[in-house]
Structures are given as structure tokens and as C-alpha cells.
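Here are some notes from going through this one, set out as numbered points. Have the structure open while you read.

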Amino acid sequence: MTGVIITGQNNHNWPVSHVALKKTLENSGLFKMDVAVSPSAGKDMSAFTVDFSKYKLVVLDYNGDPWSDDMKAAFEEYVRNGGGVIVYHAADNAFTEWDEFNKMIALGGWGGRDEKSGPYVYWKDGALYKDYSPGFGGSHGARHEYVMNSRCNNHPVVEGLPARWKHATDELYDRMRGPGNIKDLLYSAYSPEEKGGSGREEPLVFTVDYGKARIFHIMLGHAGDSLEDNVAMQCTGFQTLLLRGAEWCAKGKVTQKVPADFPTETEISLRPDYRPR
Ligand code: ZN
């Protein structure tokens with residue numbers, strides 16, 4: 001399956017993240033990934049285009065200047081026609097003013113987001129809850145290891161994965177806002193106030209209700225300083241979700257088995273070489 005990673009501008013270390021994404025996807029033997037690198041911030045974006053018709057999978061690792069109207073229209077057409085999209089980490093910080101994009105990601109943060117962007121959405125009393133109180137959208141406390149809590153066990157991406165598993169040290173996005181059109185919430189995690197978080201159970205991994213499109217949004221995976229110092233993306237749980245989400249985006253089903261080195265509730269698991277065991 002052939003896909004493309006869109007990168008080139010980010011307040012995160014995109015030279016590391018896009019390589020880690022590409023290695024993880026390609027080392028599985030399931031994907032061949034092209035990389036579309038945008039001009040750098042402030043430069044002319046008019047010639048930056050992607051031929052989406054070539055791809056079964058688009059991975060968004062981009063948080064920067066607005067795309068051209070042609071590029072936006074091409075992406076909207078790809079998604080409207082049932083395209084597969086992974087929204088990875090800070091990609092959901094992008095494009096506050098692009099309404100259609102915000103419907104594709106369901107929840108976003110930073111970039112001036114506030115109550116005009118949509119409600120806060122979090123897990124409360126056994127269901128997703130929409131909180132329309134005013135305030136900024138997007139925050140996170142200090143990085144730490146945290147336990148992921150399953151909210152769905154029969155979606156192809158998570159079928160067979162444990163109900164609780166420990167993610168390696170990472171940011172835990174909280175107080176995200178947006179249209180909130182989450183289709184299937186797959187995993188949430190509790191954001192503790194003592195770490196600077198929200199005190200809420202935050203939706204971190206989900207699919208988006210957007211027509212025929214298959215959109216997989218994963219807020220995990222803050223990039224480190226180098227491929228070697230990149231623990232959040234080296235987490236076996238992150239890589240497994242990325243790979244299973246990618247296969248589901250590309251073809252609507254998942255053939256990958258649950259890996260033996262998957263983290264448990266008490267033990268993290270790392271794949272420093274971005275390669276399945
Ligand atoms: Zn981050």
C-alpha cells in the first residue's frame with residue numbers, strides 16, 4: 001500500500017517525526033511511504049501540491065502555514081471520496097481557520113482555538129461529554145508515562161489489544177476543542193492535575209465521523225531530539241496503533257496480529273529501531 005507523509009513545517013521536530021513514522025510504516029513490510037515536504041515557514045506555498053489520487057493513505061505531520069486553495073481543495077476531494085487519513089500528534093494544532101479540516105480532525109488545540117472552535121470533549125460517566133464552557137483549546141502537562149484505557153474493543157484497529165496498557169513518556173493532550181464528531185473512541189487516558197493536566201479522562205485515539213472517509217486521529221507521539229532519543233514514538237503501543245490505524249485507513253480492515261511485545265498495564269515496551277518484533 002502506498003501512502004504519503006505530509007510534513008515540512010511544525011512547531012515539533014518534524015525532521016525526526018516524519019522519519020520515525022516512515023520507518024515504522026515501511027519496516028512492517030505493509031507500506032511504501034512517499035514524503036511531501038512543504039516550503040519552510042513564511043515561504044511561497046503556491047507550488048506545494050500533492051497528487052492525492054496516487055495514495056491510499058495520507059499521514060499528516062504538518063502544523064504550519066496555510067496550504068494553497070488548490071491544495072486544500074484537492075485534499076478535501078480526496079477525503080470526501082473516502083480517503084484514508086492519519087492525524088498524528090501536532091497535526092491537530094494546524095489550520096484553526098479551515099472549517100472543513102476541523103471537521104476532519106474532530107478535535108484540535110492551540111492556534112487560538114477557543115469556544116468558537118466547538119466544545120471541549122472528554123470521557124465522563126461512561127460516555128463522551130461535550131462541555132461548552134468558554135476557554136482556550138489545547139494544553140498538556142509535564143510528560144510522563146500513562147495508562148491508556150480502552151473505550152471500544154470491536155473496532156478493527158484495536159481488536160485484541162489490551163483494555164489497559166502503559167504508554168512510554170509522552171505529552172498527554174488535554175482540553176482539546178472542535179466539532180467533536182468522534183465516531184469511535186478507541187483509547188482515552190486520565191490527565192492528572194498534579195502533572196499540570198486537566199483532571200479529565202481525555203480522548204486520545206479515535207476515528208472521525210466524516211462521510212465515507214476513514215480518519216484515524218492519534219494524539220500520541222511527541223517527537224524527541226533524535227531518532228534515538230524519541231521514546232514516545234519508540235513505544236510499541238504507539239507503533240502498533242499507527243500501523244493498525246494505517247492499514248484500516250488504507251483498506252478498511254486490519255490483518256496484523258497483536259504483537260507479543262505489546263505493553264502491559266504496568267510495563268512499557270519500546271522498539272528503538274522502529275521495527276516490529
Ligand atoms: Zn508535542
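Helices and strands here are DSSP runs, with at least four residues for a helix and at least two for a strand, numbered from the N terminus. One caveat before the points: this is a predicted model.

1. Start with the metal. The zinc ion takes its protein donors from His12 (NE2), His89 (NE2), Glu171 (OE) and His222 (ND1), at 2.0 to 2.1 Å. Along the sequence, these donor residues follow the spacing H-x76-H-x81-E-x50-H. Two of them, His89 and Glu171, tie together distant parts of the chain, being 82 residues apart.

2. What geometry does the site of the zinc ion have? It is irregular, with the angles among its 4 donor atoms running from 91 to 154°. A tetrahedral label would need all angles between 85 and 135 degrees, so the 154° end of the range is what rules it out.

3. His89 deserves its own look. The residue sits in the loop between E4 and H3, where E4 covers 84–88 and H3 covers 99–105. Its relative accessible area is 1%, so His89 counts as buried. Most residues other than glycine have a negative phi. His89 is not a glycine, yet its phi is positive, at about 40°. I'd look at this backbone alongside the metal site, as His89 is also a zinc donor through NE2.

4. The other half of that pair, Glu171, lies in the loop between strand E8 (164–170) and strand E9 (182–190). Glu171 has a relative accessible area of 4%, which means buried as well.

5. Staying with E8, that strand holds Trp165. Buried or exposed, then, for Trp165? Buried, with a relative accessible area of 0%. In space, the C-alpha of Trp165 is 5.6 Å from that of Pro263, although 98 residues separate the two in sequence.

6. Now the loop between E9 and E10, which contributes both Ser191 and Arg200. Ser191 is buried at 1% relative accessible area. Arg200, at 18%, also counts as buried, the cut-off being under 20%. The two residues touch each other. Beyond Ser191, Arg200 meets Tyr120, Tyr122, Asp131, Arg175, Ala189 and Tyr190, leaving out residues up to four places away in sequence. On the same basis, the contacts of Ser191 include Leu172, Asp174, Gly197, Ser198, Gly199 and Glu202. Ser191 and Tyr146 are 45 residues apart along the chain, with 8.6 Å between their C-alpha atoms.

7. On to helix packing. How do H1 and H5 pack? Helix H1 (residues 14–27) meets helix H5 (residues 236–251) at an angle of about 65°, and their axes are 10 Å apart. H1 is therefore roughly perpendicular to H5. The crossing is right-handed. On the H1 side the residues involved are Leu21, Thr24 and Leu25, and on the H5 side Phe238, Gln239, Leu242, Leu243 and Ala246.

8. Gln239 turns up again as a contact of Gln234, a residue of helix H4 (residues 231–234). Gln234 is buried, with a relative accessible area of 5%. Apart from residues up to four places away in sequence, Gln234 touches Leu227, Glu228, Ser269, Leu270, Arg271, Pro272 and Tyr274 in addition to Gln239. For a long span, take Gln234 and Met71: 163 residues apart in sequence and 32 Å apart C-alpha to C-alpha.

9. That brings in Tyr274, in the segment after H5. Tyr274 is another non-glycine residue with a positive phi, about 55°. It is buried too, at 3% relative accessible area.

10. Finally, the N-terminal end. Val4 belongs to strand E1 (residues 2–7) and is buried, with a relative accessible area of 1%. Setting aside neighbours within four places in sequence, Val4 is in contact with Met33, Asp34, Val35, Ala36, Val50, Tyr55, Leu57, Val58 and Val59. From Val4 to Asp51 the C-alpha separation is 9.7 Å, with the two residues 47 apart along the chain.

Definitions and conventions:
Residues numbered from 1 in each chain as written. Predicted model: local features only at pLDDT ≥ 70, side-chain atom pairs only at ≥ 80, totals over all residues. Heavy atoms only, no water. Donors = N, O, S within 2.8 Å, 3.2 Å for Na, K, Ca; no water. Tetrahedral: all angles 85-135°; square planar, octahedral: opposite > 155°, others 65-115°. Buried < 20%, exposed > 50% of the residue type's maximum accessible area, 1.4 Å probe, protein only. Axes fitted to C-alpha atoms, helices over the stretch in contact; angles between N-to-C directions. Parallel < 35°, antiparallel > 145°, perpendicular 65-115°, else oblique. Left-handed = near helix turned anticlockwise from the far one by under 90°. Contact = heavy atoms within 4.5 Å.
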